[in-house]
Amino acid sequence: MKADKNSVVAVSYELHVEGKLADKAGSEKPLEYIHGTGMLLPKFEEAVAGKEPGEGFDFVLTPEEGYGTVNPAYVFDIPKASFEVDGKLREDLLVPGNIIPMLNSAGQVVQGTVKEIKSDTVAMDFNHPMAGKTLHFTGKVESVREATEKELKEGLHGEYLPKEECGCGGGCKHGECGKGECGKGECGKGECGKGECGCEHGCGE
């Protein structure tokens, strides 16, 4: 069976960026996705389309074909007070290069990268970490099968199901929805829900 629309495809792969290994999935735990439903980068799916189990792939994506170019408008200065918990600054989070889940003004979780620590603010970069990068993928198709009706409706891991809303802007984990505590219980104490949450695992991540 070939990788085609609505088939569940499992691939093992390595991603190299600037000559260094950036990500991988081995054959013992391959990446699974439903082909043709937009789960992966369009050009990635395009390169895998029509391949059968055992067939390899080797292709390069430009930044435009991958995660786009770096947009300076996605870098914001956020007050350091937004990263306080119980009045204490979470300095362990504020390390350049560290990725912190945060809420935007629409209550959606976005991944921000700490770019620079300033006197009263933190420069956060909300470009995708791979924005501006050329992506070199190599790998192999491990298996291909038809997706079930349930998978087509709900997603492989329930990703198409409605997200449960709660006081932290949606998606609280660990059974704490409605208690004002996300992740490790450090969210929802003043800043969560205002687009400025600096919790370690929090606010729906």
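Author: A residue is called buried when its relative accessible area is under 20%, exposed when it is over 50%, and partly exposed in between, with a 1.4 Å probe and protein chains only. The model is predicted: local features need pLDDT of at least 70, side-chain atom pairs count only at pLDDT 80 or more, and totals for chains, interfaces and linings use all residues. Residues are numbered from 1 along each chain as its sequence is written, and side-chain values use heavy atoms, with hydrogens and water left out.

Reader: Why is phenylalanine 44 called buried or exposed?

Author: The relative accessibility of phenylalanine 44 is 4%. Buried means under 20%, so phenylalanine 44 counts as buried.

Reader: What makes phenylalanine 44 and phenylalanine 57 an aromatic pair, and which kind of pair is it?

Author: Rings of Phe, Tyr and Trp (its six-membered ring) pair if their centres lie within 6.5 Å; planes under 30 degrees apart are stacked, over 60 edge-to-face, and the rest tilted. The search of the whole structure finds 8 aromatic pairs. In the pair of phenylalanine 44 and phenylalanine 57, the centres are 5.9 Å apart and the planes stand at 70 degrees, so the pair is edge-to-face. Phenylalanine 44 belongs to helix H1 (residues 42–48) and phenylalanine 57 to strand E4 (residues 56–61), so parts 13 residues apart in sequence are tied together; helices (H or I, at least four residues) and strands (E, at least two) are DSSP runs numbered from the N terminus. Phenylalanine 57, at 6% relative accessibility, also counts as buried. Both rings belong to one aromatic cluster with Tyr13, Phe59 and Phe137.

Reader: How do you know that lysine 118 and aspartate 77 form a salt bridge?

Author: A salt bridge requires a side-chain nitrogen of Lys or Arg within 4 Å of a carboxyl oxygen of Asp or Glu. The closest N and O atoms of lysine 118 and aspartate 77 are 3.1 Å apart, and the two residues form a salt bridge. Lysine 118 lies in the loop between strand E9 (109–117) and E10, and aspartate 77 in strand E5 (residues 75–79), so the pair ties together parts 41 residues apart in sequence.

Reader: Why is lysine 118 called partly exposed?

Author: Its relative accessibility is 31%, and partly exposed covers the values between the two cut-offs. Aspartate 77, at 46%, is partly exposed as well.

Reader: What makes glutamate 151 buried or exposed, given its salt bridge with arginine 145?

Author: The side chains of glutamate 151 and arginine 145 meet at 2.9 Å, N to O. Glutamate 151 has a relative accessible area of 14% and is therefore buried, whereas arginine 145, at 33%, counts as partly exposed.
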